[in-house]
Amino acid sequence: MAKVDPVFAALADPTRRHLLETLARSERASATALAGQLPISRQAVAKHLTALRKADLVGSDRVGRETLYSLRPEPLREVSKWIETVGAEWDERLAKLRWSLGSGPGSQ
Amino acid sequence: MSGVEWKLERVEREAVLDAPPEEVWESLTDDERLGEWLAEEAEIDAVEGGELRVREAGGGERRGIVETVVEGERLSFTWARPGEAPSLVDFTIEAVPAGTRLRVIETSAGGPSAMAGAWSARVGALRRALLLLPV
């Protein structure tokens, strides 16, 4: 059975997407600060942040007694680049296919 | 292919084509027809486990293995350029009033977490099976 990709799993949850958006706006934030913005506990936020770290979407630094989290945009950039390139390739192929079916033998 | 982690990178396209399903199937499984749209040149052995070889406009090559064949309905194969992560390409054909709906989904086995542990070994094995350059 194919396993679910950690990045995909990370992005599938709306709370995690919200956390990523928040981190995209701020440079670094603690789990406590992030929890302050959401109607869920600090522990729940910490769990989500762990999932995001596993997917390499979030990095963390210990600053004094706190752990501060920051967004790692590289994984998402790679993904959207691939999607754009491959999407364009298929658009072109399907256009050619449509054309080849329209002008091949048996066409009207 | 079970056990390979298919990644977030996924593209889906659909086209309704003005041709009967049998003709669209021919376009997917006949070397010459494939060469009119999929790539510059293509060779496919359209049976499960069959080989696929494609030459692209830029001169690049992709090689792959046919995974699923349901005559007239479904064709899927993996393919990859030498040294790159493979993707899975999955075609479905469906008769519709206007002709044929062709749906294609390409999913990449590559991605941000591509090098994680056991998965990397599977990709390595797949690449060697496809006779691509070693990683």
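Helices here are DSSP runs of H or I at least four residues long, strands are runs of E of at least two, and both are numbered from the N terminus. With that in mind, welcome to the tour; please remember throughout that this is a predicted model.

**Stop 1: chain B, the overview**

Select chain B and colour it by secondary structure. You should find 3 helices and 7 strands, arranged along the sequence as β-α-α-β-β-β-β-β-β-α. Chain B has 135 residues, and 50% of them count as buried. Switch on a surface if you like: the accessible area of this chain comes to about 6,200 Å², with 48% of it belonging to carbon and sulfur atoms. Among the chain B contacts with a separation of 6 or more, 44% link residues 24 or more positions apart.

**Stop 2: chain A, the overview**

Now select chain A, which has 5 helices and 3 strands. Walking along its sequence, you meet them in the pattern α-α-β-α-α-β-β-α. Of its 108 residues, 35% count as buried. The accessible surface of chain A is about 6,700 Å², and carbon and sulfur atoms hold 53% of that. Residues 24 or more positions apart make up 47% of its contacts with a separation of 6 or more.

**Stop 3: the sheet of chain A**

Stay in chain A and show just the strands. Three of them form an open antiparallel sheet in the order β1-β3-β2. Strands β1 and β2 of chain A are at the edges with a single partner strand each, so one side of each has no neighbour in the sheet.

Pick β2 (residues 58-63) first: its antiparallel pairing with β3(A) runs over 6 bridges. Val63(A) has Glu66(A) in β3(A) as its bridge partner. The hairpin of these strands has 2 residues between them, and there Gly64(A) takes a positive phi near 65°.

Then move to the other edge. Strand β1 (residues 29-30) pairs with β3 (residues 66-71) of chain A, also in the antiparallel sense, over 2 bridges. Look for Ala29(A), which stands opposite Tyr69(A) in β3(A).

**Stop 4: the helix across the sheet**

Add α2(A) to the view. This helix lies across β1, β2 and β3 of chain A and runs at about 90° to β3(A).

Next add α4 (residues 42-54), which packs against α2 (residues 14-25) of chain A with the axes 10 Å apart and at an angle of about 80°. At that angle, α2(A) is roughly perpendicular to α4(A). To see the contact itself, show side chains: α2(A) contributes Thr15(A), Arg16(A), Leu19(A), Leu20(A) and Leu23(A), while α4(A) brings Val45(A), His48(A), Leu49(A), Ala51(A) and Leu52(A).

**Stop 5: the nonpolar cores**

Bring both chains back. Which residues have the most contacts inside the largest nonpolar core? They are Trp90(A), Leu75(B), Phe77(B), Phe91(B) and Leu102(B), in a core of 31 residues. Helix α5 (residues 74-103) of chain A supplies the largest share of this core, with 6 residues. A second, separate core has 17 residues, including Ala31(A), Leu38(A), Val45(A) and Leu49(A).

**Stop 6: Leu102(B)**

Finish by centring on Leu102(B). Setting aside neighbours within four places in sequence, Leu102(B) is in contact with Leu94(A) and Leu97(A), among others. From chain B, its contacts include Arg13(B), Glu14(B), Ala15(B), Leu17(B), Val24(B) and Leu28(B). Phe91(B), Thr92(B) and Ile93(B) are also in contact with Leu102(B).

Definitions and conventions
Residues are numbered from 1 along each chain as its sequence is written. Chains are lettered from A and ligands numbered from 1 in the order in which they are written. This is a predicted model: local features need pLDDT of at least 70, side-chain atom pairs count only at pLDDT 80 or more; totals for chains, interfaces and linings use all residues. Side-chain values use heavy atoms; hydrogens and water are left out. Buried means under 20% relative accessible area, exposed over 50%, partly exposed in between (1.4 Å probe, protein chains only). Contact means heavy atoms within 4.5 Å. Accessible areas come from the Shrake-Rupley method with a 1.4 Å probe; for residues, only the protein chains shown count as cover. A nonpolar core is a set of buried Ala, Val, Leu, Ile, Met, Phe, Trp, Tyr and Cys residues joined through side-chain atoms within 4.5 Å. Two strands pair if DSSP finds at least two bridges between them. Axes are lines fitted to C-alpha atoms, for helices over the stretch in contact, and angles run from 0 to 180 degrees between N-to-C directions. Angles under 35 degrees count as roughly parallel, over 145 as roughly antiparallel, 65 to 115 as roughly perpendicular and the rest as oblique.
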